[in-house]
Amino acid sequence: MNAGETNYILLPNDLLGGIFSRLPVKDLLRLRCVCRSWCALIDDFSFILTHHRAQYAIHKADGDVPLLIWYHDLACGDRCYLLSKHQGGDVLLNLISDVERDRNYVLTVDPNVIVKALCKGTANGIICFEIILFHKERSGYDLYEYRLGLWNPATRDFKIVAYPKAPDQRFPQGGHVVRGFMYDAMSNDFKILATSCIVCDPDSYISLAYDIYSLSTNSWKRLSNQPIYLGARGPGLAIVSPSTMDTFVNGVYYWIASLSTGDGTKDWILSFHLSTETFKLSDAPQGVVQPSLHLYNGSKWEIGLYKEFLALYVTQNLEQVGSIEIWVVTEFDNLGAPIAWQCLFVTSPIHVQYGPYAVGSRLDGDLLVKIADTLWVYDPRTSQCRDLSVKVGYCFSYVESLFPL
């Protein structure tokens, strides 16, 4: 071989792409610098999709999709962990310093402004935050401003998203609340669903206007289908609370909703079909006790995924003893609304003072439960609980990706 010759083998792109799809994002970012053809391959959108699917399949084969654990505390600060398994043990990686580093790089604020963030969900390796800016005054903290943030921890991309123009100035930031964050596979786009409050004079009714944000166009759109409202007088429908876990499956997002009537309040399953932008109410499983939270006793519903199936978690607490029923959907209608359910199992009695409340699950069937704001793992095979000693408010699946912002 001559001194000037280079000894290497050219691989076809499909074979090279198959090899690259099994590599972590950190290695791929380095490989982008090797040559232009590798950079073009790694930046290609079809490869980005293939890579994320391959990474999810690898985690699924291992029986462990990592989970993002988020806890928001105005007094003590935000906390963020990535929970995974290694050699049968639980591994917690603290990510809050990474969140603050990348967020502060694009969000420059006055030193007298305190920045807090609330995780609103994950989708294809992207994390959605609701960012609250508090202006520090002598008398305490006054609400200053709301913003949205999208973050890719693997690539360190962070994007600030402005809310749509406030429809009613009597509410801070128009009373905007993020209801869901999702990846639309039909349009290959990330979307945020948010509501905003509007006072409808002269009857003083509070309506919820629904807007949806598209990352590809960096713009908001008011949904024409607006079936949900809060009534100051008379019946109204309201989303009780944001989801604490993954609820987006097969192009449909799910919440627990409450309908107030003259006879009282009843809770339902509310679904939003992304491609048709259609909301629909459906019944919970027959015979399930309605939510009725009190300080120590009562019942609560949580909707999420259990082993990739849409599930309803029904918690019942009575005199410092709690249990959780897990119901999964066995049949949907053409808009993705559940129409048939099956009870998988009920946990053994868990003797605690505050809780337990379901916040998620693992592919192996373990339940993640919140007991007095602390994360515990319940093994349904042994009926044993173990304390992970971290605070938890929300729990979403997370698999790293190359998706750009």
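A residue is called buried when its relative accessible area is under 20%, exposed when that figure is over 50%, and partly exposed in between. Keep that in mind while we look around this predicted model.

Let's start with leucine 15, which sits in helix 1. Its relative accessibility is 43%, so leucine 15 counts as partly exposed. Leucine 15 also teams up with Leu11 and Ile19 to make a nonpolar surface patch of about 240 Å².

Lysine 266 gets the same kind of label: at 37% relative accessibility, this residue counts as partly exposed. Here are the two side by side.

| Residue | Where | Relative accessibility |
|---|---|---|
| Leucine 15 | helix 1 | 43% |
| Lysine 266 | strand 16 (residues 264–273) | 37% |

So who does lysine 266 meet? Leaving out residues up to four places away in sequence, lysine 266 touches Ala257, Ser258, Leu259, Asp283 and Gln290. Take aspartate 283 from that list: 17 residues separate it from lysine 266 along the chain, and their C-alpha atoms are 9.9 Å apart.

Now for helix 4, which covers residues 45–61. From its first C-alpha to its last, this 17-residue helix reaches 24 Å, close to the 24 Å expected at 1.5 Å a residue. Which residues of helix 4 are buried? They are Phe47, Ile48, Leu49, His51, His52, Ala54 and Gln55. A handy rule helps when you look at such a list: an α-helix has 3.6 residues a turn, so residues three or four places apart point the same way. The cover over the buried residues of helix 4 includes helix 1 (13–20), helix 2 (25–31), helix 3 (36–43) and strand 8 (177–184). Just after helix 4 comes glycine 63, with a positive phi of about 75 degrees.

How values were computed
Residues numbered from 1 in each chain as written. Predicted model: local features only at pLDDT ≥ 70, side-chain atom pairs only at ≥ 80, totals over all residues. Heavy atoms only, no water. Helix = DSSP H or I, 4+ residues; strand = E, 2+ residues; numbered from the N terminus. Buried < 20%, exposed > 50% of the residue type's maximum accessible area, 1.4 Å probe, protein only. Contact = heavy atoms within 4.5 Å. Expected span 1.5 Å × (residues − 1). Patch = residues over 30% accessible without salt bridge, like charges linked within 9 Å, V, L, I, M, F, W, Y side chains within 5 Å. Areas by Shrake-Rupley, 256 points an atom, 1.4 Å probe, with all protein chains shown as cover. Salt bridge = Lys/Arg side-chain N within 4 Å of Asp/Glu carboxyl O.
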